[in-house]
Amino acid sequence: MRAREIAGGIYRIGANITNGDLFEGMWAIPDGVSLNAYIVRGEKTALVDLIRDWDDAPMKIRDQLASISVDVKKIDYLILNHLEPDHTGWLGMFRDLCPGAEILTTVKGAALVKSFYGIEDGVRTVKTGDTLDLGAGKKLVFVEAPNVHWPETMLSYEPSAGVLFSCDAFGSYGSVGAELFDDELSAEGHAFFEKETLRYYANIVAGFSSFVEKAIAKLEGLEINIIAPSHGILWKENPRTIISRYLRYAAYAKGPAEPEVTLVWGSMYGNTEKLVEAATEGLKESAVPVHVFQTPHDDISRILAAAWKSTGLIFGMPTYEYKMFPPMAHVIDELGRKKIFGRKVFRFGSFGWSGGAAKDLAEITAKFNWTFIEQVEFSGCPGSADYELVKTRAKELAGIVKQSALQ
Ligand code: FEO
């Protein structure tokens, strides 16, 4: 990867993380993730956001800085839009290399600079509307955007070129190749990043959706020519596309979402599994798309992405020791943590000597604002009547989903 000038005097530098690690220690990134940082050059030089010391990223960054004749020891300002260590993990080493660079961040950011890295000197706090004049017509304007993703987060904007450095906002999973901008991607590339943007949003940003809406409202009035996030591709041809996409994703938070269903199932001895097909048949006959996952086998990050955009949820799981099948309890817990609320829900499943999953599910999701249609439970092996009942209830759910989904 090479440094690339994205507007006059503004460069994107960065690294793809492809070593098989999990993002945030838990989310699969089989196609990698990019860490983007930016150089803004006036008479003074600012580095906007940093990287983590991860998968040889610092060496790559240093080589790229050298390729555009930026001496890392002579950077004047380091802008920290967000303190999560994927953007700051290299800060201690950077400070050693360049002790003279002044750090600009929010008040809450400064507290995290101290607690994560023990740095207090040379830190300037900024707030919405503050500017940093770099000379030669370049400046940075700061806009606080709390909780997109952490409370200290801000965005930086360069007005002469209309570049918005948005950090996590408008970001995506996925490594970035030579095709850096939206207008350089093939249709296949766009499809890939759309999918990975949704998964990134559902995993990282979903729980903060109301703050996403507030942050986007603050951008009204800014002439944005380029959106330059710290993960994923940059948007130049049509920045509105990614803004609209994020607004749509934020709207899913309270439900409804798209006219789709996510079906998650888990089975101990194959009895609950026997009715998965009944549910999918019912949905198919109702022409409602369904995303099917098995727990604990399938990746939770993908279950969250599908559930985030689905108005309907179906859970197929047995009772286990008077409660929900434990891997499904984990899925439900994750759905709650990401605030996937306001959904239309159906559950079916077997039990042995005693039920309990239905009650457990209802109690644990009592605050999720989920609307349940009647659950189907059976003892032991399901019969043909159970099959037909699950199919009928799946059709009922499909009808509700079609009626209530976002337009
Ligand atoms: Fe990319 Fe919240 O860090």
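Visitor: Hi! Which side chain does K391 meet in a salt bridge?

Guide: K391 meets E285, with 2.9 Å from N to O. K391 sits in helix α12 (residues 384-404) and E285 in helix α8 (residues 276-285), so the pair ties together parts that are 106 residues apart in sequence. A salt bridge here is a side-chain nitrogen of Lys or Arg within 4 Å of a carboxyl oxygen of Asp or Glu.

Visitor: Before I go on, what kind of model is this, and how are residues numbered?

Guide: It is a predicted model, where local features need pLDDT of at least 70 and side-chain atom pairs count only at pLDDT 80 or more, while totals for chains, interfaces and linings use all residues. Residues are numbered from 1 along each chain as its sequence is written, and side-chain values use heavy atoms, leaving out hydrogens and water.

Visitor: Back to E285, then. Is it buried or exposed, or in between?

Guide: E285 is partly exposed, at 48% relative accessibility. Buried means under 20% relative accessible area, exposed means over 50%, and partly exposed is in between (1.4 Å probe, protein chains only). K391 is buried, at 14%.

Visitor: Which other side chain meets E285 in a salt bridge?

Guide: K395 does, at 2.8 Å from N to O. K395 lies in helix α12 and E285 in helix α8, so this pair ties together parts that are 110 residues apart in sequence. Salt bridges that share partners join E281, E285, K391 and K395 into one network.

Visitor: How many salt bridges are there in the whole structure?

Guide: The search finds 16. One of them joins E258 and R248, at 2.8 Å from N to O. E258 is in strand β13 (residues 258-265) and R248 in helix α7 (residues 239-251), 10 residues apart. E258 counts as buried at 15% relative accessibility, whereas R248 is partly exposed at 29%.

Visitor: Why do such side chains pair at all?

Guide: Side chains of opposite charge can pair when their charged atoms come close.

Visitor: New topic: which side chain of opposite charge is nearest to K338?

Guide: That is E334, 5.4 Å away, and K338 is buried yet has no salt bridge. Lys and Arg count as positive and Asp and Glu as negative, with His and the chain ends not counted.

Visitor: Where is K338, and what does it touch?

Guide: K338 is in the loop between α10 (326-337) and β18 (344-351). Leaving aside residues up to four places away in sequence, K338 touches W27, A202, N203, A206, G207, L304 and W308. Contact means heavy atoms within 4.5 Å.

Visitor: Okay, zooming out. How many helices and strands does the chain have?

Guide: The chain has 12 helices and 20 strands. Helices (H or I, at least four residues) and strands (E, at least two) are DSSP runs, numbered from the N terminus.

Visitor: And what is the radius of gyration of the chain?

Guide: It is 24 Å, which agrees with a compact globule of 407 residues, expected near 22 Å. The radius is taken over C-alpha atoms, and the globule rule is 2.2 Å times the number of residues to the power 0.38. The C-alpha trace spans about 75 × 40 × 35 Å along its principal axes.

Visitor: Last one: what share of the residues count as buried?

Guide: Of the 407 residues, 56% count as buried.
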